[in-house]
Amino acid sequence: MERENFYILLDLSLDPPQTDPDVIKEAIKKKKAEWSKLRNHPTKGLQAQKNISLISEIEKVMLDPQLRAQELEAAKGVIKKGKESKYPEIDRHIDILMGKGYIAPEEIIKLANVHGLSQSDIQDRINRKKQEKFGHIDRAISLRMDKGYITEAEISKIAKRYSLTEKDVRGRARCPIKKNEKEQSDVKPRQIDKSLEKTINDNLKILGKSSLYDFLDLPESADLESLKAQAGRKKKELSNISKKDATVTAGNTLAGHCMTIFKNDESRNSYDISLARSRLASLDSDIDIAAIQGRIRPEYYDVLLQKAMEFGMDKEEANSYINAYCERKGYKIEKAPQKRKKQLIIGGTLAAAIIVITVAGFILSAIHQKQVRKYEFQTLMAKVRQQQEPENKLQLLGKYLTSHQSNEYLNKVEQEIKKIQNQIKEQKYAAVMAKADGFKEADAYEKAAQVYQQFIDNNPDSPYIKNAKEQITNMASLSENRDYEQLKTIMTDGAPDEKIAAARSYLKNYPKGRHKDQVSQVIDNMSGEYFIFIKNRLNECEKQENWDKSIELCNSYIDIYDNSHTDQLKQLLPKYEKHQKDTQAFAMLKKRAAAQGDDYQAAKQIYQDYLEAYPDTTVADDIRKELAQLDEWIQQKRINTAKKSIRDDLSLVNDRFVEKTKGVVLDRNTGLMWTLVDSSLTRPDECITYDMAQKYVKNLSYGGYSDWQLPTPDQLAGIYKNKPFFPGKASIWYWTSESYSSYSEGWHKIVDTVTGKNSTDWEIIRRDAAECGTVRAVRNPE
């Protein structure tokens, strides 16, 4: 079963065609979501599941420019076919509404809604019906021009037949109009020369056209200027075609005759008269064929009547003309027996009829059958010539072959089928050439070659396979020339790596190319230049520690050359590879360490274990940086834990101590502000002497304040020796702001210190300024 067209399935625009890949991807995404919701629907589920299974094929076709273009053309064909299937019913409705002579705008809207088409589509169909109607009128007028004029009575009859005014019909007449047949014409009607008429008709048969008007694709009522302009365009169009086959030659000849015949009214009227008489002569010939043994059977008469009406006669005129012609030729027209008469013949004279038929059959059968076969064949070929599409012609001819047993015309039919099939193959290959030429003009020779290859794959029996293969070879040659010219430009203006890349690409794409020796020599000559380029790039990569690129650069030279420069680069490779390996290992270490979360000790252990196992690793400094960072995080974690503990204890000291701002504790009894944590937490591994303690508070910026000081002994005693005590675990002792000079085997600085023990009994202990102590900074907000 043939799948649905993807343009239609995705509701994408055909005119103008939607070709934006991003828009198409979004449309596929939306449809996929829509189908997924419907996959369990009781009535729409199966179709939704089928559409989902097509997603990969939809993406393949719609995101490939060439396949998408083919899908677009197919979609247009589907839309066109859908419209055409509605035309018979639409035409019936138009005929009904046209009964009054016109169709109102509201009726056009109604027709569009009923048939699901746009108003412009309905209007186009109305215009087409009008043109068909005018075509019938023009043929009716043309048929009556054989005598060189048309009468008022004929004008009136045509107007009545087609529901038009006589004025409208007069406007389409291209010959003199007489009151009646008795009125004498001033000028005797003149046809075109017989030899010229034969030349025109022979060339029209080659093209399958019925007249010069049909050749120009214009109605017989077209004005002279339109005919001349179209003839000029046809002549120019055909002259530009380089391949001169029979159809092009015939078209050129006809275009030239059109320019001559439609030069003025006189020559045109001569052609119209010849055309009218030719049509009547064609009808006369058909009557002669139908007259077997001087008699025309009823079923043949009906066919002749229909053909005469197709030429532009009404039924009465057709009857009159055929009867008159038969009377002149002495043909007898057999009338179809009435029902009652048939019954009498069947009932009363059956035996006699059987005897007569039997005897006559033996005598006339051979002659009659031969004439019937000839007439059927001529009728078939006439219908074939009227068809525009080759497929329709083949269908008619094929039907004839299957419905007829061996006769003298089967071989001709088979030859005609073969001829049309060859024309189809020729047209198909011409279309392929046109498409490939489009790519060729854009220098896209590879795509042109793909078009020819696709033609070969899809048409293995085509007589043009050899031509297509030659074109593929030609495209390869053109592609090589294009790439070689581009290579020469790069060799002049490009960087060394661009030159090498372009040269190697040429050799890869064209291993047997015409210029392979020159290109190989270019690569050999560039060994020194390319080595200098590689060395400079390696210096940059080493600074950036881009070891992957360093290895790639070395290998790019080693793959091409084998010389002393190659040896130097080979010596560098182990170093770069070790750096690459260590860098990859370091990345893995970081990933494992990150996986430990806030267990910084575990993460630290991962780095320390690796450093112990590989002490000479090239990423040792990077590992030490990570360890330092982890130490900072461990310290910060310890500080945060201590802060939390102190904050938890603040609620137990009867609101004496409160956290005024983050990290700053206010003593409500004294109004002094203290740091939440002391230096034993912020600098646990440092020995803080008295001098360092002074610098510590001087440089301290904490809790939004920068005026921190060393506390006096009384201030420290106020928080550690008076209840409620300062919360949290305190250090053994703290530096104060009071210091003295003392001499003992030299001058020393002595500082008063206070213990951090929570006790109402306390004393000042004097310590050497060089000892290691702790600082709890204070500030007086006054």
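Select C326 to begin: with a relative accessibility of 1%, this cysteine counts as buried. The model on screen is predicted.

Next, select C554. This residue is likewise buried, its relative accessible area being 0%. Display its sulfur together with that of C541, which holds the closest cysteine sulfur. The two atoms lie 9.2 Å from each other, too far for a bond, given that a disulfide requires sulfur atoms within 2.5 Å.

Where, then, is a disulfide to be found? Select C687 and C772, whose sulfur atoms are 1.7 Å apart and form one. A search of the whole structure yields 1 disulfide. Colour the surrounding elements to place the two cysteines: C687 sits in the loop between α30 (679-682) and α31 (690-699), and C772 in the loop between β10 (765-768) and β11 (778-779), so the link ties together parts 85 residues apart in sequence. Looking along the S-S bond, one finds a left-handed link, with -85° about that bond. With the surface switched on, C687 is partly exposed at a relative accessible area of 34%, and C772 is also partly exposed, at 45%.

Finally, move to helix α14, residues 265-290. How far apart are its end C-alpha atoms? The distance between them is 37 Å. At 1.5 Å a residue, the 26 residues of this helix should span 38 Å, so the two values agree. Zoom in on the start of α14 and show the side chain of N264: one of its oxygens comes to within 3.2 Å of the backbone nitrogen of E266.

Terms used:
Residues numbered from 1 in each chain as written. Predicted model: local features only at pLDDT ≥ 70, side-chain atom pairs only at ≥ 80, totals over all residues. Heavy atoms only, no water. Helix = DSSP H or I, 4+ residues; strand = E, 2+ residues; numbered from the N terminus. Expected span 1.5 Å × (residues − 1). Polar contact = N/O pair within 3.5 Å; in protein donor to acceptor, adjacent residues only side chain to side chain. Buried < 20%, exposed > 50% of the residue type's maximum accessible area, 1.4 Å probe, protein only.
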